[in-house]
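Subject: A structure to look through

Dear colleague,

I am passing on a structure that I have been going through, and I would be glad if you could open it and follow along as you read. My notes come after it, arranged by topic.

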Amino acid sequence: MVIFNGKEFGDWECWTWYNRNRHGGGAMKKKTKVQCAECAHIPPERVCMMPGGKTSKGCPTLGKKELVQKARKEYKAKSVAEFARQASIQEGECYAGREKRPYVMHPVKPRILEIFEFAQKMEYKKIGLVFCVGLAKEALIINQLLTNHGFEVTSVACKAGGIPKEEIGVKEEEKIFIGGHESMCNPILQAMVVNESKTDFNVLLGLCVGHDSLFFKYAEAPTTVLAVKDRVTGHNPLAALYISGNYYAWLDKS
C-alpha cells in the first residue's frame with residue numbers, strides 16, 4: 001500500500017494514477033524522444049515485456065528497430081553472450097518456486113549473495129573491492145566474505161593517495177571539515193590499483209555521486225555496485241522516493 005497526496009493506493013494503482021495525473025490530469029505530453037519512464041502502461045502490459053503488448057509514443061522497442069538489431073549483434077560476441085547469459089540465469093535463480101502455477105514472485109537472495117554466485121558462474125578469481133572510507137566496517141565484512149568464498153581480493157579505499165583537496169581546486173570553505181587537511185576522493189587511483197591487480201570483476205561500495213562515475217570511466221574490468229552512497233537514508237536512496245508524496249514532498253520543488 002502506498003500513500004500519495006493523502007490517498008491510499010495499491011502499488012500498480014498508485015503508479016497508474018500518478019502517471020496519468022502528474023501533468024494536471026490530462027493526457028501525457030507528446031514526446032518524440034525515447035521516454036520509457038513516461039510510458040502510459042504498467043510494465044506487465046508493455047510491448048517490451050510481452051509480444052503484442054501495448055506501446056506509447058517514443059517506444060524504443062518499436063521505434064528504434066535498427067538499434068535493437070545492432071544491440072542484438074553485440075550479444076553474438078562470445079564473451080558478451082556468456083556474460084549476459086549468466087546474468088540472466090542469476091536473475092532467475094534469485095526467485096524460488098518458479099515451477100509453481102499460478103506463480104507468485106518470491107525473491108530469496110540478497111544482492112551480496114547474488115554477486116558471489118554470479119562471479120563464481122563466470123569463473124572469476126580476482127575481485128576488486130572499491131569502497132568509501134565511510135563504509136570501512138562494511139568493507140571489512142565484505143572482504144572476509146569474498147575471501148571465504150574463495151576469491152582473491154584487492155581492496156582499495158577512496159582516500160588512497162592522501163592528496164589534498166586543494167590540488168583539484170577545492171576551496172577551504174568547500175571542505176567538509178573546514179580548517180584542516182582533507183584528502184580528496186581518488187576514484188582514478190582506485191581504478192588504477194585494481195587494473196594493475198588485473199581483477200576479473202569489481203564491486204563498488206558507497207562511492208559518492210561523480211566519484212563512482214570516474215571509477216567506471218577508468219576501470220578496465222566489469223563492475224557491479226553492491227551499495228551506493230546516501231548519507232541520509234542509510235544508503236537506501238529509493239527510500240526518499242517512496243515517501244516523496246508526503247515527508248519528502250519538497251523533492252518535487254525546484
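I begin with one residue of the backbone, His-235, which lies in the loop between S6 and helix H9 (238–242). Please keep in mind throughout that this is a predicted model. Phi of His-235 is near 65°, which is a positive value in a residue other than glycine, and at 29% relative accessibility this residue counts as partly exposed.

Other places in the backbone deserve a similar look. Most residues other than glycine have a negative phi, and most peptide bonds are trans. Lys-198, which is not a glycine, nevertheless has a positive phi of about 55°; you will find Lys-198 in the loop between helix H7 (187–196) and S5, where it is exposed, with a relative accessible area of 61%. Glu-123, which comes just after H5, also takes a positive phi, of about 60°. The peptide bond from Arg-101 to Pro-102, in turn, is cis, with omega near 0°, and Pro-102 belongs to the loop between helix H4 (78–93) and H5.

Now to the overall picture. The protein has nine helices and six strands, and of its 254 residues, 28% count as buried. Among contacts between residues at least 6 apart in sequence, 48% join residues that are at least 24 apart.

How are the strands of the open sheet ordered? Four strands make up this sheet, in the order S4-S3-S5-S6, and their pairing is parallel. Strand S4 (152–157) and S6 stand at the edges and have a single partner strand each, so one side of each is left without a neighbour in the sheet. On average, neighbouring strands of this sheet are turned by 25° against each other, if direction is ignored.

Two of the pairings can be followed residue by residue. S3 and S5 pair in the parallel sense over five bridges, and the bridge partner of Gly-128 in S5 is Asn-202. S5 and strand S6 (residues 223–227) also pair in the parallel sense, over four bridges, and here the bridge partner of Val-203 in S6 is Thr-224. Together with helix H8 (residues 211–218), S5 and S6 make a right-handed β-α-β unit.

Helices lie across this sheet as well. H5 lies across S3, S5 and S6 and runs at about 155° to S6, whereas H7 lies across S3, S4 and S5 and runs at about 160° to S4.

The next topic is the interior. In soluble globular proteins, nonpolar side chains tend to be buried together. In this model the largest nonpolar core has 21 residues, and those with the most contacts inside it are Tyr-124, Ile-127, Phe-201 and Leu-205. Helix H5 (111–121), strand S3 (126–131), helix H6 (136–148) and strand S5 (201–205) each supply at least two residues of this core, and H5 gives the most, with four residues. If you would like to trace one member of the core, take Ile-127: leaving out residues up to four places away in sequence, Ile-127 touches, among others, Ala-119, Leu-146, Phe-151, Phe-201 and Val-203. There is also a second, separate core of eight residues, which includes Val-130, Val-156, Val-194 and Phe-215.

Finally, let us return to H5. Its buried residues are Ile-115, Phe-116, Glu-117, Phe-118 and Ala-119, and what covers them includes H4, S3, H6, S5 and S6. H4 and H5 pack at an angle of about 145°, with their axes 10 Å apart, and their crossing is right-handed. The residues that make the contact include Phe-83, Ala-87 and Gln-90 of H4, and Glu-114, Glu-117 and Phe-118 of H5.

Why does Glu-117 count as buried? Glu-117 has a relative accessible area of 17%, and it counts as buried because the cut-off is under 20%. Leaving aside its neighbours within four places in sequence, Glu-117 is in contact with Gln-90, Glu-93 and Lys-109.

With best wishes

Definitions and conventions:
Residues are numbered from 1 along each chain as its sequence is written. This is a predicted model: local features need pLDDT of at least 70, side-chain atom pairs count only at pLDDT 80 or more; totals for chains, interfaces and linings use all residues. Side-chain values use heavy atoms; hydrogens and water are left out. A nonpolar core is a set of buried Ala, Val, Leu, Ile, Met, Phe, Trp, Tyr and Cys residues joined through side-chain atoms within 4.5 Å. Buried means under 20% relative accessible area, exposed over 50%, partly exposed in between (1.4 Å probe, protein chains only). Contact means heavy atoms within 4.5 Å. Two strands pair if DSSP finds at least two bridges between them. A crossover is right-handed if, with the strands pointing away from the viewer, the path from the first strand over the helix to the second runs clockwise. Axes are lines fitted to C-alpha atoms, for helices over the stretch in contact, and angles run from 0 to 180 degrees between N-to-C directions. A crossing is left-handed if the near helix is turned anticlockwise from the far one by less than a right angle, and right-handed if clockwise.
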